[in-house]
Amino acid sequence: MNGAAVYSEMSDAKSGRFFVGAPDGVFSWSVSKKELGVTWKAVPNAVSYTVICRQTSSGSAKYITTSELTCTVKGLTLGKKYKVSVIANSIFGQSAEGSAYSITLKPKTPTASALKSGKAVKVKWQKQSGVTGYYIYRADSKKGKYKLIKNVKRSKATSYKDNSASSKRTYYYKVKSYVKRGKTVYKSNASPVAVYKKR
């Protein structure tokens with residue numbers, strides 16, 4: 001495969017019609033700093049799917065064939081932009097290539113929680129391998145402005161005690177993991193909001 005349209009013996013090459021539909025609902029997310037997860041909707045009569053992950057700048061591509069509706073594309077480059085699409089395979093041949101989903105590979109998005117720690121608040125998250133550290137943000141309302149309150153420069157860290165917070169107030173936190181390479185910093189998307197409710 002080189003990115004050109006693929007016509008099966010059961011398709012009409014002149015009209016470009018196919019007898020199995022192209023997959024839609026393609027979605028991709030960062031699994032790690034080298035991997036993307038991909039999912040899509042099922043296509044009637046499909047027996048397998050071929051996932052195509054193209055690097056936008058170079059045009060190089062990775063191909064994965066699977067019978068599942070999700071897969072992981074490995075060996076990618078942090079900070080690079082990719083376009084991910086899927087082809088359905090059936091006993092009649094292949095579908096057209098579905099609409100592509102564009103994504104820039106980032107570190108994995110953390111999950112976070114906030115709980116009372118003495119008179120302060122502790123923010124917790126799951127450790128991620130291969131990252132440089134974590135940025136901690138805080139706001140006074142869920143949709144308010146989140147201010148960076150701490151750069152935790154330890155990849156194995158899983159919590160931060162916010163001593164500037166009072167356990168008698170409500171706070172909203174977000175966490176981002178990051179990878180630093182030279183002067184370039186690659187940040188993950190922000191975690192879902194972790195709410196600490198006053199006690």
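This short report looks at the salt bridges, a nonpolar patch and one unusual backbone angle in the structure above.

The model is predicted, so local features need pLDDT of at least 70 and side-chain atom pairs count only at pLDDT 80 or more, while totals for chains, interfaces and linings use all residues. Residues are numbered from 1 along each chain as its sequence is written, and side-chain values use heavy atoms, with hydrogens and water left out.

Let's start with the salt bridges (a side-chain nitrogen of Lys or Arg within 4 Å of a carboxyl oxygen of Asp or Glu). The count comes to three.

| Pair | Closest N to O |
|---|---|
| R54 and E97 | 2.8 Å |
| R138 and D162 | 2.7 Å |
| R169 and D140 | 3.5 Å |

R138 sits in strand β11 and D162 in strand β13, so this pair ties together parts 24 residues apart in sequence. Strands here are DSSP E runs of at least two residues, numbered from the N terminus. D162 is buried at 0% relative accessible area, and R138 also counts as buried, at 19%. The cut-offs are under 20% for buried and over 50% for exposed, with partly exposed in between (1.4 Å probe, protein chains only). By contrast, D140 is exposed at 54%, and R169 is partly exposed at 43%.

Now to the surface: F19, V47, I91 and F92 make a nonpolar patch of about 420 Å². Patch residues have over 30% relative accessible area and no salt bridge; like charges are joined within 9 Å, and nonpolar side chains (Val, Leu, Ile, Met, Phe, Trp, Tyr) within 5 Å. Areas come from the Shrake-Rupley method with a 1.4 Å probe, and for residues only the protein chains shown count as cover.

Finally, N45 has a positive phi of about 75° although it is not a glycine.

Methods:
Helices (H or I, at least four residues) and strands (E, at least two) are DSSP runs, numbered from the N terminus.
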